[in-house]
Amino acid sequence: MDLVDGLEIMGGAPLHGEIGIQGSKNAVLPILAACLLGEGVCVIENCPQIKDVADTLEILRRLGCRISCEERTVSIDASGSNEFEISGDEAARIRSSILFLGALLGRRRKAVLPLPGGCAIGARPIDQHIAALRQLGARFYMEEKIAADAGELKGGPVRLALPSVGATENAILASVLADGETVIAGAAQEPEIDELCAFLLRRGADISRTEEGGIRIRGGRKLGAVRYRMKADRIVAGTYLLAAAATRGEIFLQDIPCRQLDALVAVLRGMGAVVSCENGGIRLTADRPLRAVSYLETAPYPGFPTDLQSPLMAALCRARGESRICETIFESRFRTVPELRKMGARIRTDGSCAVVKGIPGLAPAKLCAPDLRGGAALVIAALQANGRSVIRNTGYIARGYEDICRDLRGLGAEIRWLG
Ligand code: UD1
């Protein structure tokens with residue numbers, strides 16, 4: 001998708017049909033970092049073919065791993081990896097490169113890496129990552145890069161002041177090869193954390209959730225080879241459910257971990273869509289105009305995901321009534337608003353909240369994706385507008401969606417990549 005820089009959408013028709021969903025981006029990124037730990041070949045099946053994965057595989061290659069890819073099956077052999085420093089542009093480009101901090105400290109007891117990049121959706125500090133790793137014995141020497149060493153990486157209590165997904169993953173990655181027992185209190189509850197734990201468990205780690213929702217790791221176990229299949233991406237599934245609801249369509253998504261979408265399903269039902277989990281997948285029917293959502297705020301799991309806030313906003317543009325959506329996780333997630341306004345949407349922002357007044361129709365427009373999920377939101381808006389819309393800056397979308405065009409065409413949309 002690298003060279004593709006635009007999407008053309010002829011909107012106005014409801015989505016209908018049945019598709020499968022790619023493997024989870026946010027689960028596979030920490031799992032790829034976890035392949036650096038231990039011995040033996042890790043085979044990841046249903047690995048999504050997205051830009052963030054390509055960049056992460058390049059980081060692993062630079063660290064000395066042997067990698068082979070066949071379609072969506074990726075094999076990683078870290079046995080020859082002796083590096084502890086990450087060089088190259090990839091790490092500076094993606095946010096999740098920060099996960100190599102914990103993985104390198106685990107494997108090499110040393111790590112040097114550039115400050116991470118990622119979508120411009122807010123400040124995205126890394127203080128929680130550093131605090132967690134310090135509690136395990138790492139020392140930091142920060143300048144233009146992040147440099148850390150841990151002569152004595154030792155398991156112990158780790159307390160996170162806020163349930164950061166990445167900081168929880170970093171603490172897990174570092175402690176799994178540290179001596180002794182680690183209990184991470186205040187850990188994030190996102191299903192991607194549990195998928196990382198399941199992967200490490202399959203490799204021989206002793207790791208489990210505590211009753212309080214923390215994570216207990218008895219470190220130092222030998223990690224071996226594994227073959228692991230990624231589950232479907234809940235955010236991609238959520239995007240298409242919102243697109244189907246917004247266009248008053250009917251779709252079935254195959255093989256979905258339905259419970260992971262509980263918060264979205266409750267919102268969709270409140271909007272008037274009929275949603276059911278059946279035959280291992282999820283079905284949505286929306287044959288009448290949607291209702292507004294009087295109040296919603298994003299929250300850590302199991303709350304409403306910040307990653308679906310912009311797609312929801314796009315779906316609410318034509319809903320009857322006034323919706324108020326508050327963003328509590330990333331402060332710059334409203335960069336989609338001026339783009340939606342180009343289509344006639346009536347949205348005003350009020351600090352960290354946005355008020356969307358539903359209108360009968362959106363007008364097609366020339367748009368620019370502000371970030372990954374904001375780009376997906378613009379696709380949802382364009383699918384609702386009668387006529388031809390063009391979205392530029394779609395490189396962002398390819399960071400998280402394998403091929404949004406292929407998927408939506410599978411659901412009957414008229415959409416194509418522009419060269
Ligand atoms: C992950 C997801 C991202 C999702 C986010 C929240 C991946 C690759 N990305 O991002 O798609 O939107 O979770 O569900 O899994 N924070 C700090 N200090 C830190 C770390 C985080 O203040 O050291 C703050 C952040 O600014 C943010 C909140 O904590 O306000 C949550 O961030 P975090 O859970 O760490 O998100 P990511 O792991 O970056």
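Visitor: How many residue pairs are in polar contact across the interface of domain 1 and domain 2?
Guide: This is a predicted model. A pair counts here if both residues are at pLDDT 80 or more. Across the interface of domain 1 and domain 2, the number of residue pairs in polar contact is seven.

Visitor: Which elements give two or more residues to the side of domain 1 that touches domain 2?
Guide: One lies at 372-384 and another at 395-398. Both are helices. They are H12 and H13.

Visitor: By class, how many charged residues does the side of domain 1 that touches domain 2 have?
Guide: That side has seven nonpolar residues. Four more are polar. The charged residues number eleven.

Visitor: Where are the bounds of domain 2 in the domain assignment?
Guide: Domain 1 is given in two segments, 6-22 and 232-418. Domain 2 is given as 25-229.

Visitor: How many residues does domain 2 give to the contact with domain 1?
Guide: Taken over C-alpha atoms, the centres of the two domains are 30 Å apart. Domain 1 brings 22 residues to the contact. From domain 2 the count is 22.

Visitor: What area do domain 1 and domain 2 bury between them?
Guide: Carbon and sulfur atoms carry 50% of the buried area. The total between domain 1 and domain 2 is about 1900 Å².

Visitor: Which residues in domain 1 lose the most area to domain 2?
Guide: Three residues stand out on that side. Together they account for 35% of what domain 1 buries there. They are Tyr 301, Arg 399 and Glu 402.

Visitor: How many salt bridges are there between domain 1 and domain 2?
Guide: The whole structure holds 28 salt bridges. Between domain 1 and domain 2 the count is three.

Visitor: Which residue forms a salt bridge with Glu 402?
Guide: The closest N and O atoms of the pair are 2.9 Å apart. Glu 402 sits in the loop between H13 and helix H14 (404-410). Its partner is 330 residues away, in the loop between strand E4 (66-70) and strand E5 (73-77). That partner is Arg 72.

Visitor: Which residue in the loop between E4 and E5 has a positive phi?
Guide: The phi is about 55 degrees. The residue is not a glycine. It is Glu 71.

Visitor: Where is Pro 302 found?
Guide: The peptide bond from Tyr 301 to Pro 302 is cis. Its omega is near 10 degrees. Pro 302 is in the loop between strand E17 (296-297) and helix H10 (309-316).

Visitor: How many residues surround the ligand?
Guide: The closest are Gln 128, Ser 164, Val 165, Asp 307 and Ile 329. The full count around the ligand is 18.

Visitor: What distance separates a backbone N or O atom of Gly 166 from an oxygen atom of the ligand?
Guide: A polar backbone atom of Gln 128 lies 2.7 Å from a ligand oxygen. For a polar backbone atom of Val 165, the distance to a ligand oxygen is 2.7 Å. For Gly 166 the distance is 2.9 Å.

Definitions and conventions
Residues are numbered from 1 along each chain as its sequence is written. This is a predicted model: local features need pLDDT of at least 70, side-chain atom pairs count only at pLDDT 80 or more; totals for chains, interfaces and linings use all residues. Side-chain values use heavy atoms; hydrogens and water are left out. Domain bounds come from an automatic or database domain assignment. Contact means heavy atoms within 4.5 Å. Buried area is the accessible area (1.4 Å probe) that two parts lose on being put together, summed over both. A salt bridge is a side-chain nitrogen of Lys or Arg within 4 Å of a carboxyl oxygen of Asp or Glu. A polar contact is a pair of N or O atoms within 3.5 Å; within protein, one must be able to donate a hydrogen and the other to accept it, and residues adjacent in sequence count only if both atoms are side-chain atoms. Helices (H or I, at least four residues) and strands (E, at least two) are DSSP runs, numbered from the N terminus. Ala, Val, Leu, Ile, Met, Phe, Trp, Tyr, Cys and Pro count as nonpolar, Asp, Glu, Lys and Arg as charged, and the others, Gly among them, as polar. A residue is near a molecule or strand if one of its heavy atoms lies within 4 Å of it.
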